[in-house]
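Subject: Structure handover

Hello,

Please find the structure below. My notes on the helices and strands follow it.

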Amino acid sequence: MSYRLTLGDWDTQQSGARAVRYEVFVLEQNVPLDLEWDGMDAACLHAVVYDDAGQAVATGRLLPDGHIGRMAVRKSLRGQGIGGLVLEALMREAKRRGDRCVLLNAQTHAAPFYQRYGFRREGDEFMEAGIPHIGMRCDFAAS
């Protein structure tokens, strides 16, 4: 199986991103719809990964303030590096546009995943949508 990563605005990425986010966050993790669809999507850069059959399998977004969020991979495909493709692409785009760092609120169980990409924990654990989270930050090396 091969995967194709796409980047774009909400108009071009909405169909794939919505499908993955609805499955992962709303159905699997019971995040309320009004929290998942927060009104920020139109302002973000979105990454969506598609499989050979053209099905969206992963997504994430980069907000204008340098936060990465809504990282999601379909449950059956986790642990195969697909989330890393999304994260690296969003980090690359943030660096390209001049951001000095990227920030995210990781589900606490996922913190080790983000640490492998240079993120470090910041602050105390907190609850978001009934799920424990931790703030994380990755500073880009000056070039």
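The bend at a residue is taken here as the angle between two fitted axes, one for the seven residues ending there and one for the seven starting there. Helices (H or I, at least four residues) and strands (E, at least two) are DSSP runs, numbered from the N terminus. This is a predicted model, in which local features need pLDDT of at least 70 and side-chain atom pairs count only at pLDDT 80 or more, while totals for chains, interfaces and linings use all residues. Residues are numbered from 1 along each chain as its sequence is written, and side-chain values use heavy atoms, with hydrogens and water left out.

Helix 1

By that definition, helix 1 bends by about 40° at Gly16. Helix 1 covers residues 10-28, and its end C-alpha atoms are only 23 Å apart, short of the 27 Å of a straight helix (expected span: 1.5 Å times one less than the number of residues). Gly16 is also among the buried residues of this helix, which include Trp10, Val20 and Phe25 (buried: under 20% relative accessible area, 1.4 Å probe, protein chains only). The buried residues of helix 1 pack against helix 2 (33-36) and strands 1 to 5 (contact: heavy atoms within 4.5 Å). At the N-terminal end, Asp9 acts as the cap, with a side-chain oxygen 3.3 Å from the backbone nitrogen of Asp11. After the helix comes Asn30, with a positive phi near 60°.

Sheet and helix 3

An open sheet is formed by 4 strands in the order 1-2-3-4, with antiparallel pairing (two strands pair if DSSP finds at least two bridges between them). Strands 1 and 4 each have a single partner strand, so one side of each is left without a neighbour in the sheet. Neighbouring strands are turned by 15° against each other on average, direction ignored. Strand 3 and strand 4 are joined by 4 bridges, and Thr59 stands opposite Ala72 in strand 4. Helix 3 (residues 82-96) packs on this sheet, touching strands 1, 2, 3 and 4, and its direction makes about 30° with that of strand 3 (axes are lines fitted to C-alpha atoms, for helices over the stretch in contact; angles run from 0 to 180 degrees between N-to-C directions). The end C-alpha atoms of helix 3 are 21 Å apart, which agrees with the expected 21 Å. Gly98 follows helix 3 and has a positive phi near 105°.

Hairpin

Strand 6 (residues 120-128) and strand 7 (residues 131-139) pair antiparallel over 6 bridges. They form a hairpin with 2 residues between them, and Ala129 in the turn has a positive phi of about 55°. Arg120 has Arg137 as its bridge partner in strand 7.

Regards

Key: Buried means under 20% relative accessible area, exposed over 50%, partly exposed in between (1.4 Å probe, protein chains only). A polar contact is a pair of N or O atoms within 3.5 Å; within protein, one must be able to donate a hydrogen and the other to accept it, and residues adjacent in sequence count only if both atoms are side-chain atoms.
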